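Please read this briefing alongside the sequence and the model. The points are grouped by topic.

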Amino acid sequence: MSVSRFTPGSGQEPDPLALRPADCNLGHACQFCPREPECGLDKPHHEKRLLEKRLAQIGQIILVMANKGGVGKSTVSANLAAGLAARGFRVGVADADIHGPNQSRFFNLVGQRIRINEQGLETRACFGDCLPQPVRVGSLAFMMERDDTPIVWRDAYKHDFMHHLIGSFDWGPLDFLVIDMPPGTGNELITLADLLEQQAVAALITTTPQEVALMDSLKAIRYCQDRGLPIIGAVENMAGVTCPHCGGEFHLFPRTHLAEALASLEVTSLASIPLSPLLAMASDTGHPVMLDQPDSPEALAFAPVIDACIEHARAVGITAATEELQSMTNVAGAELAVALEGLPEHERKAAQQELEALLAGERQRLQSSSGRS
Ligand code: SF4
């Protein structure tokens, strides 16, 4: 599993001498601003700064993807977010499924409407008895007058909404942002992939046992691999049914070569989630099983997915910290070499050994504290 940051393109180096335009420091996009008609500030600069400030406060971003609709991305997203929050992490759910935004339903927030303040668009919060802090949800559903209004947007609007979803919502500091992706590898995914370059972002692939779903999921995997987007693993949803009478398990969908297909693409199969009335009911009533029935077989089936996401984020954190330390080591080593130039050789060697021992100890401390967190 790759744990590197998502760095597909080589961006242009900023000019350090360039004059920076003034910013209003408001937390919302110009599109939502009452001062917009008279404002003479550099608006593209404001939008860029806004996005940078949001992303600087977000830890690991997880795109829950499948190329196909109806495989349970939203169920997986909601339960992943709830499970991470139940383990004490600060979690947000960004609903990127423009044509079917339903995270409001999964978290019992149907009918809630968006409010805007100087920090941005307010996320809506799902509180749970077992949660140290609420799950924050951002969705287009909170902006619609009616929940059954169809979204008929051309690509330019979708592109703008993806910017607002990350930049205009006031996410606050988050350990994880789970993004419930729309089906397909179209505009929404491309826009987000461009926006999230250089961030700690990874994909979680959702599929079902059917051949048709598997074929589409493989396309999503290939997209990630082509763009250099790390994949945490795959979740097989609707994997089997437990008979309520005899307790036996049976499969509604014909079994496919899922395991072999994932293995051939070096994608880890993380979990098999059953097709279950409990999960369906929990989704409809807005009470994720991870919160309401954490000991149910359905919730336990999600546990490896949550473990894998935490482990991935931890590995990314260690890699980033080690790289940072290495770069500090290089700078310190170069500065020390200059400072020691006038010393006799044996003293220079002793000082260098002392510095190396110091850095080795720091590296060790960093790794063991990351392992404990
Ligand atoms: S229009 Fe944009 S740049 Fe101007 S004050 Fe409003 S949010 Fe800030």
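What follows covers the domains, the ligand surroundings, a small set of strands and a pair of helices.

This is a predicted model, and its chain is divided into domain 1, spanning 43–303, and domain 2, spanning 319–372. Between the C-alpha centres of domain 1 and domain 2 the separation is 42 Å.

**Ligand surroundings**

- The ligand is surrounded by Cys24, Leu26, Cys30, Cys33, Arg35, Glu36, Cys39, Leu41, Lys43 and His46.
- Sorted by class, this shell around the ligand consists of six nonpolar residues, one polar residue and three charged residues.

**Sheet**

- An open sheet is built from three strands in the order β3-β4-β7, and the pairing within this sheet is mixed.
- At the edges of the sheet are β3 (116–117) and β7 (169–170), each of which pairs on one side only.
- Two bridges join β3 to strand β4 (residues 120–122), and the two strands pair in the antiparallel sense, with asparagine 117 standing opposite glycine 120 in β4.
- As background, the strands of a sheet pair through backbone hydrogen bonds, in either a parallel or an antiparallel manner.

**Helix pair**

- Two packed helices are described by the distance between their axes and by the angle between those axes.
- For helix α4 (residues 155–167) and helix α5 (residues 187–195), the axes come within 9 Å and cross at roughly 40°.
- An angle from 35 to 65 degrees counts as oblique, and α4 and α5 are therefore oblique to each other.
- The crossing that α4 and α5 make is right-handed.

Conventions:
Residues numbered from 1 in each chain as written. Predicted model: local features only at pLDDT ≥ 70, side-chain atom pairs only at ≥ 80, totals over all residues. Near = placed C-beta within 6 Å. Nonpolar A, V, L, I, M, F, W, Y, C, P; charged D, E, K, R; others polar. Domains from an automatic or database assignment. Pairing = 2+ DSSP bridges. Helix = DSSP H or I, 4+ residues; strand = E, 2+ residues; numbered from the N terminus. Axes fitted to C-alpha atoms, helices over the stretch in contact; angles between N-to-C directions. Parallel < 35°, antiparallel > 145°, perpendicular 65-115°, else oblique. Left-handed = near helix turned anticlockwise from the far one by under 90°.
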